[in-house]
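Here are my notes on this one, written with the structure open beside me. Have a look for yourself, then see whether you agree with the points below.

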Amino acid sequence: MNVANLQLEGLLMAVASVNRLLVQKGVLTSEEIDVALRKTEAGETNQERSEGMSASSRDAVNFPIRLLELANQCQPEADMPSFSKLARMVGKIKEPYNDQL
C-alpha cells in the first residue's frame with residue numbers, strides 16, 4: 001500500500017478523534033461539526049469546482065469528508081470504528097452525483 005495512503009488514514013482518524021473530544025468537552029456539538037463537514041462537501045461538489053472532474057475524482061475528494069461525517073455520527077461513548085470499517089460504510093452510503101442520474 002502507498003505510504004501516503006497510510007498517512008492519510010492516520011490523519012483522518014486523528015481528526016475524527018479530535019472532533020469527538022471537542023464534542024465530549026462541550027466545545028462543539030456533533031451537529032455543528034456535521035454542518036461544517038456538509039458545507040465543506042457542498043463546496044467541493046459545486047459546479048465550478050467539479051466541472052471536468054470524473055465521478056471517481058469527486059469521490060476521492062469527498063471520501064475524507066464523508067468518513068469524518070460518519071465518524072461524527074458514532075455515539076461518543078462507543079468505540080470509534082476502525083478506518084477500514086468507516087471506509088466500507090462510506091462506500092455503502094455513497095449516492096450518485098446529479099450528472100450521473
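1. Start in helix α2 (helices being DSSP runs of H or I, at least four residues, and strands runs of E, at least two, numbered from the N terminus). D34 and R38 both sit in helix α2, four residues apart, or about one turn of the helix. They form a salt bridge, with their closest N and O atoms 2.8 Å apart. By salt bridge I mean a side-chain nitrogen of Lys or Arg within 4 Å of a carboxyl oxygen of Asp or Glu.

2. Before going on, a word on the model. It is a predicted one, so local features need pLDDT of at least 70 and side-chain atom pairs count only at pLDDT 80 or more, while totals for chains, interfaces and linings use all residues. Residues are numbered from 1 along each chain as its sequence is written, and side-chain values use heavy atoms, with hydrogens and water left out.

3. How does burial look for the D34 and R38 pair? D34 is buried, at a relative accessible area of 17%, whereas R38 is partly exposed, at 47%. The cut-offs are under 20% relative accessible area for buried, over 50% for exposed, and partly exposed in between (1.4 Å probe, protein chains only).

4. Now for R66, which forms a salt bridge with E41, the closest N and O atoms being 2.7 Å apart. R66 is in helix α4 and E41 in helix α2, so this pair ties together parts that are 25 residues apart in sequence. R66 is buried, with a relative accessible area of 10%, and E41 is buried too, at 15%.

5. R66 also meets D59 in a salt bridge (3.7 Å, N to O), and D59 counts as buried at 18% relative accessibility. E41, D59 and R66 are thus linked in a network of salt bridges. A search of the whole structure finds three salt bridges.

6. On to the nonpolar side. The largest nonpolar core (buried Ala, Val, Leu, Ile, Met, Phe, Trp, Tyr and Cys residues joined through side-chain atoms within 4.5 Å) has 13 residues, and L12, L37, L67, L68, F83 and L86 have the most contacts inside it. At least two core residues come from each of α1 (3-24), α2 (30-44), α4 (55-73) and α5 (83-93). The biggest contribution is from α4, with five residues.

7. Which residues does L86 touch? Leaving aside residues up to four places away in sequence, L86 touches M13, L67, L70, A71 and P81, where contact means heavy atoms within 4.5 Å.
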